[in-house]
Amino acid sequence: ADLEEARKSIRESKMAAAEKERLLDRADRLTEEIRRLPSELPEDMHCVLPLNDLHAQIYALNAPVLRAEGLSGLTVWAAKRWDPLLPTQGPELPLSPPALQLAMMRNETRAVALNLTNCTDGVLEAGVTVTGFGGPVNPEWISVREVVFTDTRDRRPIAAALPQARKADDEYETTVLSGVTRQVWLSINTKGIAAGEYRGQVVISGAGKRTEVPLSIRVYPQQMPSQFTAAVGGWDYTNGSGSYDVKPSNLQLLIDNLRAHGVNSPWASSGVMPQGATFDAAGNLTGTLDFSAWDTWVSRWPGAKNYCVFLAVGDKFSGEPMGTARFNKMVGELFRAWVKHFDEQGLNPAKLVVLLVDEPHNNDQVKVIVNWAKAVKAAAPEVVLFEDPTFRDPRESDPELFAVSDI
């Protein structure tokens with residue numbers, strides 16, 4: 001697919017016909033190499049783009065196209081850090097000299113970004129140095145990160161991963177492949193930085209060229225609090241061995257990263273629900289509950305503002321249909337025991353936030369929520385009930401949904 005895009009760019013470029021023919025012949029040879037690729041993926045494969053050397057050669061077909069536009073060497077251009085970016089994307093012309101500006105509170109982290117496009121036929125090692133600011137080069141409160149392109153299952157590259165750029169002596173280094181744009185972020189943390197105006201430069205070196213980009217940072221006297229009043233979270237599901245793309249190998253890395261960015265209300269799946277519940281004929285809890293999954297997850301998030309759990313309940317609980325006196329007793333007994341365990345952990349039971357049914361959009365789902373909510377609140381009124389309804393028209397929802405939900 002990328003090779004077809006390269007052919008299209010070559011045909012539509014401003015280069016001479018003979019040069020186009022030469023590059024299209026090269027593209028044909030790369031097509032033959034694609035056909036010879038083994039069908040088995042290598043065990044050490046990562047979905048970082050380019051996927052292999054052949055893929056890098058396909059990207060390199062873009063370098064002559066960029067030069068035909070009038071670009072040369074290592075071209076530095078302004079980046080809007082949230083805008084989508086493709087590996088072979090070049091700047092809009094005419095090119096304007098980039099300048100970086102940022103306004104921040106104290107004790108805050110923000111970023112500015114630059115794009116570095118390699119218009120040469122070889123791989124470049126670009127140096128990035130932050131100077132000025134009345135102190136040493138590369139001050140500790142400004143770090144350089146390189147954006148890594150990763151593939152997705154629908155073959156749409158995303159520019160989202162932000163590993164720290166490697167540092168050598170007095171500069172950061174980043175590799176820029178032929179025909180490719182590398183975005184770099186300057187991550188700025190104003191913790192311990194006094195209010196005021198700060199001015200310096202970001203110096204980009206590579207391909208025998210040195211580009212100085214002015215960087216001005218205004219730090220306001222207001223201070224971002226270290227602990228947020230707002231509850232910040234996002235269905236991370238860092239309980240057990242993780243969900244989605246979370247695995248034991250990256251779980252703690254994710255938690256550390258989320259906490260560093262102010263996440264204080266993690267989410268868990270129903271796997272943290274107390275296990276081993278049995279009930280007698282009247283609905284009384286019998287036996288001993290197992291809180292080990294819950295305890296492990298809480299230990300990963302000490303001091304959290306809230307502990308949020310998606311229970312994904314249905315119209316029965318342990319075989320008992322909802323709405324019966326026994327059902328209400330069973331749900332109440334379980335949540336009463338859960339709240340008691342909170343007390344034993346030294347936690348405020350109001351920190352337990354429960355999502356019973358995710359994204360309800362019909363009144364059969366609302367009926368489940370209302371039955372569970374009433375049973376929970378009757379036994380453990382401290383528990384916070386969270387709902388995220390997705391009715392196209394909220395007026396179609398039974399108003400009891402809103403009556404029983406805290407959030």
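## Helix α3 and its surroundings

Helices α1 (2-12), α2 (17-35) and α4 (62-68) are among the elements that cover the buried residues of α3. This is a predicted model. The buried residues of α3 are Leu-54, His-55, Ala-56, Ile-58, Tyr-59 and Ala-60. Helix α3 covers residues 53-60, and six of its eight residues are buried, so the rest of the structure largely encloses it.

A cis peptide bond comes shortly before this helix in the chain. It runs from Leu-49 to Pro-50, with omega near 0 degrees. Pro-50 sits in the loop between α2 and α3.

**Overall form**

The protein holds nine helices and 20 strands. Its C-alpha trace spans about 85 × 55 × 45 Å along the principal axes. The radius of gyration is 28 Å, whereas a compact globule of 407 residues would have one near 22 Å. Of the 407 residues, 43% count as buried. Contacts reach far along the sequence: of those with a separation of 6 or more, 72% link residues 24 or more positions apart.

The protein exposes about 21600 Å², and carbon and sulfur atoms supply 52% of that area. Its side chains include 42 positive and 52 negative ones. The centres of these two sets lie 4 Å apart.

**Ile-217 in strand β12**

Ile-217 belongs to strand β12, which covers residues 209-223. Is Ile-217 buried or exposed? Ile-217 counts as buried because its relative accessibility is 0%, and the cut-off for buried is under 20%. Leaving out residues up to four places away in sequence, Ile-217 touches Leu-102, Met-104, Phe-133, Trp-141, Ile-142, Ile-188, Gly-196, Glu-197 and Tyr-198. Glu-19 is a remote reference point: Ile-217 and Glu-19 are 198 residues apart in sequence and 45 Å apart in space, C-alpha to C-alpha.

**Helix α7**

Helix α7 spans residues 325-344, which is 20 residues. From first C-alpha to last it reaches 28 Å, close to the 28 Å expected at 1.5 Å a residue. The buried residues of α7 are Phe-327, Met-330, Val-331, Gly-332, Glu-333, Leu-334, Phe-335, Trp-338, Val-339, His-341 and Phe-342. Just after α7 comes Gly-346, with a positive phi of about 80 degrees.

**Backbone angles in loops**

Two residues other than glycine with positive phi are Asn-138 and Arg-155. A further cis bond joins Leu-93 and Pro-94. The table places these residues, with Pro-50 alongside.

| Residue | Backbone angle | Loop |
|---|---|---|
| Pro-50 | omega near 0 degrees, from Leu-49 | between α2 and α3 |
| Pro-94 | omega about 0 degrees, from Leu-93 | between β1 (74-78) and β2 (100-106) |
| Asn-138 | phi near 50 degrees | between β4 (124-132) and β5 (142-146) |
| Arg-155 | phi near 60 degrees | between β6 (148-150) and β7 (158-161) |

How do Asn-138 and Arg-155 stand on accessibility, buried or exposed? Asn-138 has a relative accessibility of 7%, so it counts as buried. Arg-155 has a relative accessible area of 62% and is therefore exposed. The cut-offs behind these two calls are under 20% for buried and over 50% for exposed.

Definitions and conventions: Residues numbered from 1 in each chain as written. Predicted model: local features only at pLDDT ≥ 70, side-chain atom pairs only at ≥ 80, totals over all residues. Heavy atoms only, no water. Helix = DSSP H or I, 4+ residues; strand = E, 2+ residues; numbered from the N terminus. Rg over C-alpha atoms; globule rule 2.2 N^0.38 Å. Buried < 20%, exposed > 50% of the residue type's maximum accessible area, 1.4 Å probe, protein only. Contact = heavy atoms within 4.5 Å. Areas by Shrake-Rupley, 256 points an atom, 1.4 Å probe, with all protein chains shown as cover. Lys, Arg positive; Asp, Glu negative; His and termini not counted. Charge placed at Lys NZ, Arg CZ, Asp CG, Glu CD. Expected span 1.5 Å × (residues − 1).
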